Structure formats: structure tokens, C-alpha cells
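Reader: Hey, I've got a protein with a ligand open on my screen and I'm not sure where to start. Can you walk me through it?

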Amino acid sequence: MSKITAAITAVNGYVPDYVLTNAELSTMVDTNDEWITTRTGIKERRILKGEGLATSDLAVPAVLGLLKKRGIGAEEIDLIVFCTTTPDMPFPATANLFAHKIGAVNAWGFDLQAACSGFLFGLATGAQFIETGRHKKVLVVGADKMSSIVDYQDRATCIIFGDGAGAALLEPNYDGYGVIDSVLKSDGSGIPFLHMKAGGSLKPASHETIDAREHYAYQEGKAVFKFAVTNMADVAAEVMERNSLTADDIAWLVPHQANKRIIDATAARTGVSEGKVIVNIERYGNTTNATIPLCLWEWEDKFKKGDNLILAAFGGGFTWGSLYIKWAY
Ligand code: UT7
């Protein structure tokens with residue numbers, strides 16, 4: 001029997017209705033549209049408003065739409081890899097809450113925490129269960145309600161993030177389509193530059209941690225930028241080189257959407273021309289685990305069977321990586 005590869009057979013995305021523009025942000029913190037646009041490329045981002053709504057509520061419409069497109073029921077899913085940095089609760093896993101919400105009664109699942117690289121780590125992990133023949137349908141979800149951990153008094157950080165969700169279904173393929181290769185990295189020495197100070201076992205929640213605003217994402221933007229701009233570009237180039245791919249062989253570069261300048265640096269390093277670089281940062285900002293599946297969802301109609309895609313991401317941890325995917329439909 002020929003080798004099994006893990007093909008993406010459907011993608012979908014969801015963003016909430018509320019649009020937080022640069023103009024509205026400039027009424028909340030000392031900033032302006034010109035600064036945000038030139039430094040990041042972001043014009044607006046989506047925010048999930050309403051009491052009692054969590055990350056899983058962003059993922060539900062994304063995945064129900066995906067199942068409809070693929071023409072299958074939730075009970076057919078074997079495994080859910082739920083990639084998020086903003087779980088509904090510290091425990092149990094959002095994968096469990098989410099499976100219950102969509103009726104994935106035959107699935108097991110787990111949460112995967114790799115910050116902005118989560119969806120790539122999730123695809124690489126989910127692919128293993130397909131490649132071994134263990135599972136037939138693996139759902140990889142990337143979803144974050146970043147507005148729940150963003151400090152809207154920190155002007156250098158709050159301008160970047162937004163809420164959203166996306167998902168991809170992995171199924172066995174016998175003709176060489178799907179996840180072909182991955183380069184995945186992590187380096188805990190990057191923790192000081194991007195983390196949440198309190199709320200974990202190191203520093204449980206207290207009046208003091210709340211007063212000190214330690215339950216928000218803390219980022220030293222310049223330091224993170226320096227690592228992101230070289231590492232994301234390097235791994236994308238590495239996965240291309242070791243698969244003997246030149247820029248001409250690449251149909252689409254799908255970069256994590258954290259900062260347009262980081263996207264441009266990755267494109268320049270790989271040599272992929274502007275028209276083949278997927279960018280939607282101006283409308284959604286950095287949705288953390290959702291950026292890459294949202295790009296796949298919005299560009300799905302343009303992809304052709306056999307297209308070579310290079311996915312690349314960098315995030316807190318530090319984590320970073322790149323995947324080479326041969327599009328299957
Ligand atoms: O996806 C997860 C990984 N995260 C990233 O990849 C983010 C990487 N970092 C970045 O994208 C950028 O570092 C930021 C967009 C976060 C910040 O841009 P920057 O060019 O690195 O700005 P900075 O933080 O070095 O600040 C430069 C100046 C400072 O003023 P002074 O000290 O030079 O007077 C800031 O106070 O810009 C000021 N500033 C702002 N001014 C207007 C910072 N934020 C703002 C703001 N509006 N929103």
C-alpha cells in the first residue's frame with residue numbers, strides 16, 4: 001500500500017461581528033491610525049462581545065461550517081486538536097467543552113498551547129495520527145478570544161490583537177497530497193519577552209496580581225519583533241531548501257499575521273513575490289492561533305489541487321515553525 005499522507009480536505013473560519021477600528025482604539029489609548037498602520041499594517045480587528053461567550057463559541061460556527069462544506073457529521077470526527085492560548089477555563093480542556101458543544105461524541109481531544117505557532121504545531125501533531133493509520137478524521141482548530149487577555153491600557157500591545165477562529169480537517173491521502181514536511185522549534189529563553197505573569201501555579205490569582213494587571217498578555221514588542229523577523233523567515237527558507245523548492249515552486253506563502261513588517265521580511269527571505277503572499281492582517285490583526293486557518297479559509301477559492309503552500313509562524317514561548325503542504329483539492 002502506498003504511504004499515507006495527511007491531506008487538508010476542508011477549511012473554514014469565523015470572526016465575530018464587532019469591528020474595533022484604529023479610530024476607536026485611539027479614543028482608548030494614546031495612539032493613532034497612522035502609527036498603527038505604519039508599524040503593523042493593521043486597520044481593524046474583530047472582538048467577541050457579550051456575556052458568557054468564550055473561545056469555544058468562536059470555534060463552533062467555524063467548525064459547523066466546515067462540517068457542512070465537507071458533508072459529514074460531527075460524530076465522524078476521531079480527534080480534536082484544539083490550539084488556543086485563551087482556553088475557556090484553566091481546566092478541563094477546551095477540546096472537551098467544544099466537542100460537547102458540536103456533538104463530536106466519538107472524538108477524543110486535547111488542547112495544544114504553542115501561542116501563535118499553535119495551529120502549525122497542531123497540524124503537524126494531527127498529521128501523525130493520520131499517517132500512522134490510527135485515525136481517519138482529525139480536526140485541528142485554531143481559536144482565540146485575545147480580547148480576554150489584552151490590556152486595553154497598554155498601547156504597544158492592545159493595538160495588535162483580535163479575536164477569531166479557524167479549522168482544518170485532516171484525512172488520509174494515498175497520492176502524496178497534504179502535510180509533506182515540517183520544521184518546528186521552541187526556545188524557553190524567550191519567555192521574559194512574551195508571557196502572562198499571573199494565574200498559573202507559579203503565581204495564582206490574588207488581589208495583588210489583579211491590582212498589578214498581571215492577568216494580561218505582557219509583551220516586550222521590540223525584542224519579540226527581533227526574534228520573529230529572523231526566525232520565521234529562516235524556518236520557511238529551511239523547509240523550502242530541504243524539499244528543493246525555489247520561490248517559483250511556491251503557489252502561496254501563508255505567514256502568521258502578527259506584523260506586516262514581519263510578513264514582508266519572510267517573503268523577502270524566501271523570495272516569494274508579493275502576489276503569492278497571503279495577507280489579511282489589515283482586517284483582523286493578530287488572532288494568535290487563528291491567523292493561519294483564517295488565511296486558508298479566505299484564500300481557499302484561489303487554491304488549486306497540487307499547489308505548494310508554505311505556512312510559517314512565530315509566537316510566545318518562543319515557538320516557531322514552518323510546514324510544507326501540497327494542497328489536495
Ligand atoms: O504574534 C506573537 C508575536 N508577537 C509579535 O510578533 C509582535 C512583534 N512586535 C511588534 O510587532 C512591534 O514591536 C510592535 C508593533 C508591538 C511595537 O512596534 P515597535 O516599532 O517595536 O515600537 P516600540 O514598542 O519600540 O515603541 C516605539 C515608540 C515608543 O515611543 P518612544 O519611547 O520612542 O518615545 C512607544 O512608546 O512608539 C511608542 N508607541 C506607540 N505610539 C503610538 C508604542 N505603541 C504605540 C502606539 N501608538 N500604539
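**Around the ligand**

Author: Sure, let's start with the shell around the ligand: its largest share, 4 residues, comes from α8. Keep in mind that this is a predicted model.

Reader: Ok, and which helices each supply at least two residues of that shell?

Author: Those are α2 (33-40), α6 (155-158), α8 (221-242) and α9 (260-270).

Reader: How many residues surround the ligand, and which are the closest?

Author: There are 23 residues around the ligand, and the closest are Thr 31, Arg 39, Arg 155, Asn 259 and Asn 286.

Reader: What about the mix by class, so nonpolar, polar and charged?

Author: The shell has 11 nonpolar residues, 7 polar ones and 5 charged ones.

Reader: Which domains does the shell draw at least three residues from?

Author: Domain 1 (5-175) and domain 2 (180-326) each give at least three residues to the shell.

Reader: Let's zoom in on atoms. How far is the side chain of Arg 155 from an oxygen atom of the ligand?

Author: An N or O atom in the Arg 155 side chain is 2.8 Å from a ligand oxygen. Asn 286 also has a polar side-chain atom by a ligand oxygen, at 2.7 Å.

Reader: And which residue has a polar side-chain atom 3.4 Å from a nitrogen atom of the ligand?

Author: That's Trp 35. As for cover, the ligand on its own has 950 Å² of accessible area, and the protein covers 76% of it.

Reader: Where does the space taken by the ligand rank among the pockets?

Author: The ligand takes up the second largest pocket.

Reader: New topic: the backbone. Which peptide bonds here are cis?

Author: One of them runs from Phe 91 to Pro 92, with omega near 0°. Pro 92 is in the loop between β4 (79-83) and α4 (94-102). Another goes from Gly 317 to Phe 318, with omega near -20°. You'll find Phe 318 in the loop that links β12 (308-315) and β13 (319-326).

Reader: Why point those out?

Author: Because most peptide bonds are trans.

Reader: Got it. What's the phi of Ala 115?

Author: Ala 115 has a positive phi, about 50°, even though it isn't a glycine. That stands out because most residues other than glycine have a negative phi.

Reader: Where is Ala 115 found?

Author: Look in the loop between β5 (108-112) and α5 (118-131).

Conventions: Residues numbered from 1 in each chain as written. Predicted model: local features only at pLDDT ≥ 70, side-chain atom pairs only at ≥ 80, totals over all residues. Heavy atoms only, no water. Near = heavy atom within 4 Å. Polar contact = N/O pair within 3.5 Å; in protein donor to acceptor, adjacent residues only side chain to side chain. Areas by Shrake-Rupley, 256 points an atom, 1.4 Å probe, with all protein chains shown as cover. 1 Å grid on protein atoms, 1.4 Å probe; cavity = no way out; pocket = protein on both sides within 12 Å on 5 of 7 lines; lining within 4 Å. Sits in = over half its atoms within 2 Å of the grid points. Nonpolar A, V, L, I, M, F, W, Y, C, P; charged D, E, K, R; others polar. Domains from an automatic or database assignment.
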